[in-house]
Each structure stands twice: as structure tokens, then as C-alpha cells.
Amino acid sequence: MCNPYMPYLAKIIRIIPQMDDVRLFQIRFEDEKIRDEFKHRPGQFVMVSVLGTGEAPISISSSPTRSGIIELCIRKAGKVTDALFRLKENDAIGLRGPYGNGYFLERIKGNNLLIVAGGIGMAPLRSLLWYSLDNRDDFHDIILMYGTKTPNEMLFKDELFSLLYRNDIRCLLTVDRDDTGTWKANVGVVTKLFDLVGLDANTQRHEGRETQGKNNSFVNTSATTYAAICGPPIMYQFVLQKLIECGFPKDRIMMSLERRMQCGIGKCLHCSVGYKYTCTDGPIFTYWDVMNMQEVV
Ligand SMILES: Cc1cc2nc3c(=O)[nH]c(=O)nc-3n(C[C@H](O)[C@H](O)[C@H](O)COP(=O)(O)OP(=O)(O)OC[C@H]3O[C@@H](n4cnc5c(N)ncnc54)[C@H](O)[C@@H]3O)c2cc1C
């Protein structure tokens with residue numbers, strides 16, 4: 001897009017409720033030319049504006065492999081998102097972007113990918129998940145671990161349950177507690193899922209992989225594993241500990257940092273962390289980068 005500050009008009013095509021305060025917005029630019037020009041990478045975000053209210057940064061939840069419609073999964077949190085939740089299908093909003101670095105696809109390609117999500121942290125990771133499944137030959141093993149407090153808080157439930165039946169991904173879903181009595185997957189915090197997989201970051205052998213051939217033919221000698229995690233701060237703490245125990249080098253763990261942002265293009269300094277800008281150097285950083293940021297440690 002030529003002017004990075006300029007929001008372009010977009011229409012809300014469909015609103016899909018996920019839970020009381022979280023909705024998936026399917027959005028399409030009004031201008032066909034902008035629609036064609038808009039290209040994003042998994043992990044990037046857009047600045048969403050509700051006319052007369054303001055702007056907020058929101059991750060793109062859809063994969064670039066499914067172009068045309070942009071999906072944003074949004075929690076009602078304050079001024080802009082409250083106003084967005086008052087809008088209906090066919091109403092107009094403003095969008096500018098995409099911004100940020102996105103996940104390090106070039107580094108991950110040819111390797112195993114472990115995605116660990118907690119709560120609404122699934123929103124940015126969903127783009128990476130579908131990107132990797134739509135480009136399945138570019139990746140070795142793909143594992144998804146996703147946990148929420150209760151079944152009702154699990155986002156994208158139908159599509160994630162459908163992954164349980166695919167043999168090109170190991171999908172593990174869990175809830176802290178089942179308050180419905182109908183939950184069919186795991187119960188326990190997301191880190192408990194590591195015990196089911198027997199993951200070793202450097203040996204490429206994931207015990208229990210359903211598609212493993214009789215002679216262990218899937219074992220790959222050159223691939224290593226990259227982890228992408230996103231969730232509440234408490235989850236990061238325990239998942240990072242598990243990943244280190246499994247032998248993950250800190251530069252193969254990718255995590256998202258959320259900071260209050262205004263410009264989105266590295267000019268206003270609102271989102272700076274030490275000498276880095278979350279909007280342009282991030283929002284995706286390696287654990288190694290984060291450990292070396294003075295403000296975060
Ligand atoms: C890169 C990035 C990606 C994101 N992706 C998503 C996403 O996919 N989905 C999603 O739902 N959210 C996402 N967020 C979070 C979202 O941008 C924030 O929740 C945003 O603040 C919502 O804007 P708002 O105007 O609705 O809320 P605000 O009015 O900004 O309020 C949000 C919260 O911040 C508090 N607050 C307000 N002003 C300040 C201040 N000056 N200092 C400290 N706290 C303050 C409020 O009390 C409230 O609790 C993302 C954030 C970033 C940085």
C-alpha cells in the first residue's frame with residue numbers, strides 16, 4: 001500500500017461468534033485493486049479503525065494461502081473493540097497494513113513445526129497453522145498443542161476438531177477443566193500435552209505419531225524443530241520451561257510480544273522495548289531476543 005498511514009475502506013462480510021467477548025470478523029477491502037495488492041505473512045497484523053473511534057492493532061488470523069477475505073479474531077477489550085462489536089455485517093471499517101515481521105517461515109521450512117497456543121493466542125497462530133498445512137510439503141512433522149480454561153473458550157473448535165482426523169498433523173487439544181461433561185479431548189494444562197508427544201527438539205522422533213511407518217521411515221535426519229507459542233503470560237512461563245527441558249535452543253522458539261502501538265511503522269516509539277520496536281522488529285521475536293531485552297527480563 002502506498003501510504004502506510006492511510007486506512008482503506010473494508011466491509012465486514014460475516015461475523016462468527018466464538019464466545020461472549022470474542023468474535024471472528026471476515027473482512028474484504030472495498031477496492032478490488034487493494035484487495036489484490038494486500039499480501040501478508042502469518043504473524044503479521046493490521047491496524048483496524050472504527051470510524052470516529054480510533055485504531056487498534058489486530059493479528060491476521062487467516063492464512064495468506066486463502067486470499068480474498070481477511071479474518072480477524074477479536075476480543076472486546078476497550079474503546080475500539082467495543083465499537084467494533086457494535087457493528088454489523090456489511091458495515092464499513094478502516095484497515096491499514098499488513099505490519100510487523102511475521103513468523104520466520106524461511107527458517108522453519110524443511111523442519112518440524114510445533115505450535116503451542118493458549119486461549120486467544122490461537123488467533124495469530126491460526127494463520128501459521130493453515131499456511132503450513134496448505135504448504136504441507138515444505139514442513140516435516142507438524143504438531144499443534146492448544147489449551148483453554150474450558151471447552152466454551154476454545155476458539156475455532158470445529159476446524160480444530162477436524163484436524164484430529166488428519167494424518168499429516170498431530171493435533172492435541174486440552175481444557176483445564178471440563179464444565180460441560182461432553183468434552184472429548186484431553187483435560188489438563190497445555191504443558192501436560194508434552195508428556196503425550198515425547199518431544200525432543202533435536203532427534204526428530206516424536207513418539208506416538210499416528211502416521212509413523214512400521215520401520216520408522218518418517219524419521220528425518222536433517223530436520224530440527226521450531227516452536228511458535230502464543231498465549232497468556234502464565235502459559236509462556238511454563239511452556240518455555242518445557243521447551244528448554246526438551247532441548248529447544250532459544251533461537252528456535254518464536255513468541256509474540258504485545259505492546260501498545262500507534263503508528264505501526266516504527267515512527268512513534270510507543271511500542272519500543274529497549275532498542276527494538278515491537279511493530280517493525282516484531283511482533284514475533286525469538287526467546288533469545290526476548291531474554292536479551294532489558295525491559296522484558
Ligand atoms: C501486534 C498485536 C496484535 C494483536 N492481535 C490481537 C488479536 O488478534 N485479537 C485481539 O483481540 N487483540 C489483539 N491485540 C490486542 C489489541 O490490540 C488490544 O486489546 C487493544 O488495546 C484493543 O484496543 P481497544 O481500543 O479496544 O482497547 P483499549 O481502549 O486500548 O483498552 C484495552 C485495555 O488496555 C487498557 N488501557 C487503555 N489505555 C491504556 C494505557 N495508556 N496504558 C495501559 N493500559 C491501557 C484498558 O484499560 C483495557 O484494559 C493485539 C495487539 C498487538 C500489539
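A residue is called buried here if 20 or more other C-beta atoms lie within 10 Å of its own. Keep that in mind as you open this predicted model: of the protein's 297 residues, 40% count as buried.

**Start with the whole chain.** Switch on the cartoon view and you will find eight helices and 15 strands. Among contacts between residues at least 6 apart in sequence, 66% join residues at least 24 apart.

**Next, select the core.** Show Val48, Leu72, Ile115, Val116, Ala227, Ala228 and Ile253: within the largest nonpolar core, which has 72 residues, these touch the most other members. Then colour helix H4, residues 122-134, which gives the most to this core, with seven residues.

**Zoom in on Ala227.** Leaving aside residues up to four places away in sequence, Ala227 touches Leu114, Val116, Leu243, Phe248, Arg252, Ile253 and Met254.

**Now move to the ligand.** There are 21 residues around the ligand, and Ala56, Ser59, Gly78, Val80 and Thr81 come nearest. Colour the shell by class and you should see twelve nonpolar, four polar and five charged residues.

Which elements should you highlight here, as each supplying at least two residues of the shell? Pick strand S4 (54-59), strand S5 (70-75), helix H2 (79-85) and H4. S4 gives the most to this shell, with five residues. H4 is worth a second look, having already appeared as the helix that gives the most to the core.

**Last stop: the domains.** Colour domain 1 (8-99) and domain 3 (257-297) separately; both give residues to the shell around the ligand, so the ligand lies between them.

Notes
Residues are numbered from 1 along each chain as its sequence is written. This is a predicted model: local features need pLDDT of at least 70, side-chain atom pairs count only at pLDDT 80 or more; totals for chains, interfaces and linings use all residues. A nonpolar core is a set of buried Ala, Val, Leu, Ile, Met, Phe, Trp, Tyr and Cys residues joined through C-beta atoms within 7 Å. A residue is buried if 20 or more other C-beta atoms lie within 10 Å of its own, exposed if 12 or fewer, and partly exposed in between; C-beta atoms are placed from the backbone. Helices (H or I, at least four residues) and strands (E, at least two) are DSSP runs, numbered from the N terminus. Two residues are in contact if their C-beta atoms, placed from the backbone, lie within 7 Å. A residue is near a molecule or strand if its C-beta atom, placed from the backbone, lies within 6 Å of it. Ala, Val, Leu, Ile, Met, Phe, Trp, Tyr, Cys and Pro count as nonpolar, Asp, Glu, Lys and Arg as charged, and the others, Gly among them, as polar. Domain bounds come from an automatic or database domain assignment.
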